[in-house]
Every structure is written in structure tokens, then in C-alpha cells.
Amino acid sequence: HSVAIDSQGTVYVSDRENNRIQIFDSDGKFLRMWTHLGATQNIFITPEDEMWIITHRNNIENITYDTLAGRIMKIDLKSGKRTNITEDVPTSFVNTDRDVTVEQKPPWGFGGWTKNDRSLFLYDRYDVWEIRPDGSEAHRLTHGAEDSVRYRYQRLDFDEDYIDTAEPIFLRIYGYWTKKFGYARLRRGQPPEQLLWMDAAVRRL
């Protein structure tokens, strides 16, 4: 389950076992609820009052790998309108490798927003995806799945406000089977360029 509060103090409670989000005012009074969202988790509300959620599976009755939804949704807090920004992306963003004591799995992760919130970086098991927040475009920036190599965005400046895709982007890389570590550099429109790849744990660039 997950809880988030918007700028007006309204409270949103994710009830993943009943496939719904319940909404309360700041005094705890029930206002309304949204249903048919799948098993929702990891509610996040931006300072601009945009809600983002990940759905773990399509329904509660059939808990199998094939029904894992693994989708990222944006919800308009005023209207309840939802946009499944990953509906047509041929991958799952749910971490099915995670060994947890409940069937709901967490997302693989989120790299950050690009300049002017043009797009966001999301992770699947191996790769980094750049996706528009309205779901209109999705691009796989890396091709780690083919070689079982995991790519993740490497933040060099922890005070940065956004990911600048006009500049080279640095990525951590990890061989799922080889257990190698390293780093790569990604330039717009080009495949990642491997900078370091070795049989040792490398933690910082």
C-alpha cells in the first residue's frame, strides 16, 4: 500500500488488494475513490500536483506472471483522468526478480526527468527507456537485454535539476551473468560507448 498528500492536503491511499485509490480530506473524511487501476503501488505526487503510480498486475483474482501489468500511469487529480504512458511499451517496469514476502513487486526504478519535463527515464530489467509524460513517445536508449547487461543512469552532479540529453549521459553497467561492472557514455542518437568493463566492483565514476 502507499499514501501521498497533494498541495491542498488531500490524502490519497492506494489499496492494492482491492484495485483502488481512496481519497480523503485533511480531516480524514472520505471524499471519493478511483477503481479499475490494477494493483496500484508507489504513489508519487509532484509539486505541480501530478500523480504518478505503477500498477503491479491487472487484477487480484489471477496472480500470475502473465498478468503483471507493470505500467506507469499519470492521473489528473481534479478529474481522475488517467494516462497509461507505457501502454504500448513492450516491456514491464516491475521488478519481478525482487525477493519480497508479498506478491506485489516494486518498480525497477526511475532515473529522472529531462529538461523542461520533456521526458522521463524509466528502467526495466536491463535497459533505460526515455518516455514522454503523455505517453506519445517511448525510446529504448540502451540494448542491455540482448546481452543480459543492466544499464542505469549515473548522476554526476547530485544538485542537478534535470537530465540534460544534449550533453553526454553516463551510465552504470552490470553483467547479470558475468558479474562484471563498468560505465558507459551515451550520446543522443548513438549506442552507448563502453568506457570501463572489468571483473571487479566499481561503485563510483
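1. Let's begin with the rings: Trp52, Phe110 and Trp113 make up one aromatic cluster. Rings of Phe, Tyr and Trp (its six-membered ring) pair if their centres lie within 6.5 Å; planes under 30 degrees apart count as stacked, over 60 as edge-to-face and the rest as tilted. Inside this cluster, Phe110 and Trp113 are an edge-to-face pair, 6.4 Å centre to centre with 70 degrees between the planes. Phe110 is partly exposed, at 41% relative accessible area (buried means under 20%, exposed over 50%, partly exposed in between, with a 1.4 Å probe and protein chains only).

2. A word on the source. This is a predicted model, where local features need pLDDT of at least 70 and side-chain atom pairs count only at pLDDT 80 or more, while totals for chains, interfaces and linings use all residues. Residues are numbered from 1 along each chain as its sequence is written, and side-chain values use heavy atoms, leaving out hydrogens and water.

3. How many aromatic pairs does the count come to? The count comes to eight. One of them joins Tyr12 and Trp34, a tilted pair at 5.9 Å centre to centre and 35 degrees between the planes. This pair links distant parts of the chain, as Tyr12 sits in strand E2 (residues 11-15) and Trp34 in strand E4 (residues 30-35), 22 residues apart. (Strands are DSSP runs of E, at least two residues, numbered from the N terminus.) Tyr12 counts as buried because its relative accessible area is 2%, and Trp34 is buried too, at 8%.

4. Now look at Trp52 from the strand side. Its bridge partner in E7 is Lys74. Six bridges join E6 to strand E7 (residues 71-76), and the two run antiparallel; two strands pair if DSSP finds at least two bridges between them. E6 is mostly covered, with five of its six residues buried.

5. Next comes the open sheet of four strands, in the order E9-E10-E11-E12 with antiparallel pairing. Its edge strands, each pairing on one side only, are E9 (110-113) and E12 (138-140). Strands of a sheet pair through backbone hydrogen bonds, either parallel or antiparallel. Three bridges join strand E11 (residues 128-131) to E12, and Trp129 has Arg140 as its bridge partner in E12.

6. Which residues are the closest to the centre of the largest pocket? Of the 15 that line this pocket, they are Phe44, Trp52, Ile72, Phe110 and Leu122. You have met Trp52 and Phe110 already, in the aromatic cluster. The largest pocket has a volume of about 300 Å³, and its lining divides into 13 nonpolar residues, two polar and no charged. Strands E5 (40-45), E6 (50-55), E9 and E10 (120-123) are the elements that give two or more residues to this lining. For the terms: on a 1 Å grid over the protein atoms alone, a pocket is an open set of points where a 1.4 Å probe fits, with protein on both sides within 12 Å along at least five of seven lines, and lining residues have an atom within 4 Å of a point. Ala, Val, Leu, Ile, Met, Phe, Trp, Tyr, Cys and Pro count as nonpolar, Asp, Glu, Lys and Arg as charged, and the others, Gly among them, as polar.

7. Finally, two loop residues. Most residues other than glycine have a negative phi. Asp49, in the loop between E5 and E6, has a positive phi near 65 degrees and is partly exposed at 21% relative accessible area. Asp117, in the loop between E9 and E10, has a positive phi of about 55 degrees and is partly exposed at 45%.

How values were computed: Grid points are joined across faces, edges and corners, and a volume is the space filled by probe spheres set on the points.
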